[in-house]
Amino acid sequence: MWAYDSVFYQIYPLGFCGAPLKNDGITKPRIRKVLNWIPHIQKLGCNAVYFGPVFDSDAHGYDTRDYRKIDCRLGTNEDFAAVCTALHKAGIRVVLDGVFNHVGRGFWAFQDVLQNRECSAYRDWFYIQFGGNNGYNDGLWYEGWEGHYELVKLNLQNPAVVQYLLSCAREWIDAFDIDGLRLDVAYLLDRDFLKQLHSFTFGCKPDFFLLGEVLGGNYRQTMNEQMCHSVTNYECYKGLYSSFNSLNLFEIVHSLLRQFGPEDWALYRGTHPLSFVDNHDVTRIASILTNPKHLPLIYAVLFGMPGIPCIYYGSEWGAKGRKEDGDPALRVCFDSPQENELTNWIAACAHAHRESDALRYGSFRSLVLQNQYCIFERKTETDRVLVAVNAGDTPVHVDFDAGAGRARDLITGSVHDFGGGTDLPPYFAALWQIF
């Protein structure tokens, strides 16, 4: 699967393009802004872009009105097709947000229900009870997503709904040549629907990638041969920033051992969850880390651990934004990409990940683990990399059996000699490829 060899770049289009927060009905080709960012994405070492919602919606994109039409605030279908073509020519894959659990109140089929009520041909597309009421005073009750009634839950057990959504996915593949879908709230999606979507998209494009948004629980319920190829690794997302903020690297290493370690009880060995330090739903990493000197280190661990690394636009140069200030604070518009030492560091990590079999497919084993520093191993038959981190403000001398004499740091290119022990400077990280 191509995604396992990739580094993802996430864009939330409506925010990225500076679109109005609510649909104003005015068509403006803002999505073409992505064209100017392609060289930056390439230089960063990313070869796949995951777009948040792009289709016609009431406000934030997860409240879809029309799955067949690009949101007018972003432009037209032709505008988005031009962006996808340019990305593909640059060697960058395209993954869209598939929002299939719910729609917006402006969705055409729900509007038909509000108008025709019991006589609507689409009444069974949703979970509706006539005779009740809701906060919009519609004179009927319907199920919304987690109590948010601006998001109307779809009945994915209705064959007509399933066929409609599959036909939309087919149109996206035909019109935009997309390479995959990130499935919003995949943990709530009907399991039979996931199986049908997997089978259908495989028939359209054998290497089509399905990524499920999963917040917890057993990932294999969603990440398996019949459903999604990958899921969002929220367990390690929390472990990453928490380990650095508490100076307790046991947390993230134990999570990685639980998921990918050498023991028989490891849950996800051989799988490729999506790894991230932030995204459009959580506080940006530069705002959540208490020590800014940990920023490069957390990215080194991100690219060193098992999984598919994903960078959220703007965070590669340390942009800030807090969840408690509202979603718009996390989904801001930047006039142009920026570059600094952090950007260059992340680019070096990304290129290292794409060049190393061990970092993409290797086993996971902990070699050295203390509160403030750790060394773990990624290994395949042809490649071996040791990931070393010192999160403390003092140097550390470590005597351990590296099983090798020398290594090259894939981030800096410098050569490391294991003879006489290993020194880890303060606030240090390295991806040592054994040679």
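A residue counts as buried when its relative accessible area is under 20%. The views below come from a predicted model.

**View 1. Phe-303 in helix H10.** Helix H10 covers residues 295-304, and Phe-303 belongs to that helix. Phe-303 counts as buried because its relative accessibility is 0%, and the cut-off is under 20%. Leaving out residues up to four places away in sequence, Phe-303 touches Val-7, Pro-309, Ile-311, Ile-346, Cys-349, Ala-350, His-353 and Leu-359. Phe-110 does not belong to this view: the C-alpha atoms of Phe-303 and Phe-110 are 43 Å apart in space, and the two residues are 193 apart in sequence.

**View 2. The domains of the protein.** The domain assignment gives domain 1 as residues 1-104 + 155-358, domain 2 as 105-154 and domain 3 as 361-432. Between the C-alpha centres of domain 2 and domain 3 there are 57 Å.

**View 3. Tyr-142 in strand S8.** Strand S8 runs over residues 140-142 and contains Tyr-142. Tyr-142 is buried because its relative accessible area is 0%. Two polar partners of its side chain can be picked out in this view. The side chain of Arg-105 is joined to that of Tyr-142 by a polar contact of 3.0 Å. A polar atom of the Tyr-142 side chain also lies 2.4 Å from the backbone oxygen of Tyr-149. Beyond residues up to four places away in sequence, Tyr-142 touches Arg-105, Phe-110, Tyr-127, Ile-128, Asn-134, Tyr-136, Tyr-149 and Val-152. For Phe-130, 12 residues away along the chain, the C-alpha atom is separated from that of Tyr-142 by 8.6 Å.

**View 4. The largest nonpolar core, with Phe-8.** This core has 141 residues. Those with the most contacts inside it are Phe-8, Tyr-9, Phe-51, Tyr-67, Phe-100, Phe-126 and Tyr-299. Helix H5 (residues 159-176) supplies the largest share of the core, nine residues. Another core, of 14 residues, lies apart from it and includes Val-368, Leu-386, Val-396 and Ala-402. Returning to Phe-8, its contacts outside the four nearest places in sequence include Cys-46, Ala-48, Tyr-50, Val-95, Phe-209, Leu-274 and Ile-308.

**View 5. Lys-33 in helix H2.** Lys-33 lies in helix H2, which spans residues 33-43. Lys-33 is buried but has no salt bridge. Asp-335 is the nearest side chain of opposite charge, 5.5 Å away, and a salt bridge requires the charged atoms to be within 4 Å. Backbone oxygens lie by the Lys-33 side chain instead: that of Phe-16 is 2.7 Å from one of its polar atoms, and that of Phe-334 is 2.6 Å from one. With residues up to four places away in sequence not counted, Lys-33 touches Phe-16, Cys-17, Cys-333, Phe-334 and Asp-335.

**View 6. Asp-184 in a loop.** Asp-184 is found between strand S11 (180-183) and helix H6 (191-204). Is Asp-184 buried or exposed? Asp-184 is buried, because its relative accessibility is 6%. Its side chain makes a polar contact of 3.1 Å with the side chain of Arg-182. Apart from neighbours within four places in sequence, Asp-184 is in contact with Tyr-62, Asp-97, Gly-98, Val-99, His-102, Leu-189 and Glu-213.

Conventions:
Residues numbered from 1 in each chain as written. Predicted model: local features only at pLDDT ≥ 70, side-chain atom pairs only at ≥ 80, totals over all residues. Heavy atoms only, no water. Domains from an automatic or database assignment. Helix = DSSP H or I, 4+ residues; strand = E, 2+ residues; numbered from the N terminus. Buried < 20%, exposed > 50% of the residue type's maximum accessible area, 1.4 Å probe, protein only. Contact = heavy atoms within 4.5 Å. Polar contact = N/O pair within 3.5 Å; in protein donor to acceptor, adjacent residues only side chain to side chain. Core = buried A, V, L, I, M, F, W, Y, C linked by side-chain atoms within 4.5 Å. Lys, Arg positive; Asp, Glu negative; His and termini not counted.
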